Amino acid sequence: MPPSTIGGINLLPEPEKRAIYARYIPTALLEKYNIPPLTSAAGHNLLQFRFATGSTDVEMRLFHEVSFPDPILYAHITDTMNGQIHVLLYILNDPASPRFDVDKMPDGSPTKFGTLQRNIEAEKTALEAGLAPGQVRRGLRLLGQAIEAFEVFVTALGHDMYFVEPLYYHNAVIFERYGFSYQVGKRLMDSIHAGFQSGGDLSAQLDGSTAFRQPEAANGIRKRSWAIHDGILGEPFTNVTMYKRVGKSAGLNTTPDCKW
């Protein structure tokens, strides 16, 4: 029987692990950057993994150039306690776009995408450049193709659903638009939207006291996310877990009439 979990895949010999995990790389990404066959020596160097035998998670980095500092695709995936597939982090970076050091402090220490500590000056310039919290570069606008490829991967493992962990508010909204539903967190999302309405508790805090708390943030998902990242909720944006059934859309929208 082929493996049905990340832990099961990680027990396989390395060539087999690499071949299975490479399946969730969207073809459009490989074509866009003329990535050589991932089974070749050149492809082996561009596709890097952390998938120790005995572990139940995998980290994957795909680079378009070996010497480039950031991967064009980073994914961290694990098993849930009952053997379902759970995406902890999934990032698509445009290597041609400017880099903003929101992931590290001026001394080089990591920020864990601003969840551990914050490089405020880098975040301000990222905000001004149109990026969302946690982005070191502009995205590639390939999430739709990435989800399609990932669902092929999930189906091959014998699953008909999978889970994701949105790190920021805007991630949750984007996942909604691609058909995801909430296992945990919909009530929080609804309360956030209500709070940003005229007279709401969150709208009242958009007082311009920081670059991330401008009044116009009430009507924009990206700037709402920056305000939330800036602590407007009084606590971190956590405890939100979403899921998607393969090939189906939940049709949720917790941000009606709110633009990006």
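Helices and strands in this tour are DSSP runs, numbered from the N terminus, with at least four residues for a helix and at least two for a strand. The model is predicted.

**Stop 1: the largest pocket**

Start with the largest pocket, which has a volume of about 1,300 Å³. To find its centre, select Tyr90, Ile91, Leu92, Gln135 and Gly139, which lie nearest to it among the 44 lining residues. Next, colour E2, E3, E4 and helix H7 (169-177), each of which supplies at least two residues of the lining. E4 makes the largest share, with six residues. By residue type, the lining of the largest pocket divides into 25 nonpolar, eight polar and 11 charged.

**Stop 2: strands E1, E2 and E3**

Stay with E2 and select residues 57-62. Five of the six residues of this strand are buried, so E2 is largely enclosed by the rest of the structure. Now add strand E1, residues 47-50, which pairs with E2 in the antiparallel sense over four bridges. E1 and E2 form a hairpin with six residues between them. In the turn, click on Gly54, which has a positive phi of about 95°.

Then add strand E3, residues 73-79. E2 and E3 also pair in the antiparallel sense, here over six bridges. Which residues stand opposite Glu59 of E2? Arg50 stands opposite Glu59, and in E3 the bridge partner of Glu59 is His76. Showing Arg50, Glu59 and His76 together lets you follow the pairing from E1 through to E3.

**Stop 3: aromatic rings**

Show the side chains of the aromatic residues. The structure holds 14 aromatic pairs. One of them is Tyr24 with Phe153, an edge-to-face pair at 5.0 Å centre to centre, with 65° between the planes. This pair links distant parts of the chain, 129 residues apart: Tyr24 is in the loop between helix H2 (14-21) and helix H3 (27-32), while Phe153 is in helix H6 (residues 143-156).

Are these two rings buried or exposed? Buried means under 20% relative accessible area. Tyr24 has 0% relative accessibility, so it counts as buried. Phe153 counts as buried too, because its relative accessibility is 1%.

Widen the selection to Tyr21, Tyr24, Phe49, Phe51, Phe150, Phe153, Tyr162, Phe175 and Phe180, which ring pairs link into a cluster. Beside Phe51, select Lys17, which lies over the face of that ring at 4.2 Å from the ring centre. For another case, go to Phe212, where Arg118 lies over the ring face at 5.0 Å from the centre.

**Stop 4: the cavity**

Return to the ring cluster and pick out Phe150, Tyr162, Phe175 and Phe180, which are among its members. These residues also help to line the largest cavity, along with Val87, Tyr90, Leu143, Ala146, Ile147 and Val164. Strand E4 (85-92), H6 and strand E5 (161-164) are the elements that give two or more residues to this lining. H6 gives the most, with four residues. The cavity has a volume of about 100 Å³, and its lining has 10 nonpolar residues, no polar and no charged ones.

**Stop 5: the second largest pocket**

Finish at the second largest pocket, with a volume of about 370 Å³. Select Thr115, Leu167, Pro236, Phe237 and Thr238, the closest to its centre of the 19 residues that line it. Helix H9 (residues 221-229) provides the largest share of this lining, three residues. The lining of the second largest pocket divides into eight nonpolar, eight polar and three charged residues.

Notes. Residues are numbered from 1 along each chain as its sequence is written. This is a predicted model: local features need pLDDT of at least 70, side-chain atom pairs count only at pLDDT 80 or more; totals for chains, interfaces and linings use all residues. Side-chain values use heavy atoms; hydrogens and water are left out. Buried means under 20% relative accessible area, exposed over 50%, partly exposed in between (1.4 Å probe, protein chains only). Two strands pair if DSSP finds at least two bridges between them. Rings of Phe, Tyr and Trp (its six-membered ring) pair if their centres lie within 6.5 Å; planes under 30 degrees apart count as stacked, over 60 as edge-to-face and the rest as tilted. A charge sits over a ring if NZ of Lys or CZ of Arg is within 6 Å of the ring centre and within 35 degrees of the ring normal. On a 1 Å grid over the protein atoms alone, a cavity is a set of points where a 1.4 Å probe fits but cannot get out, and a pocket is an open set with protein on both sides within 12 Å along at least five of seven lines; lining residues have an atom within 4 Å of a point. Grid points are joined across faces, edges and corners, and a volume is the space filled by probe spheres set on the points. Ala, Val, Leu, Ile, Met, Phe, Trp, Tyr, Cys and Pro count as nonpolar, Asp, Glu, Lys and Arg as charged, and the others, Gly among them, as polar.
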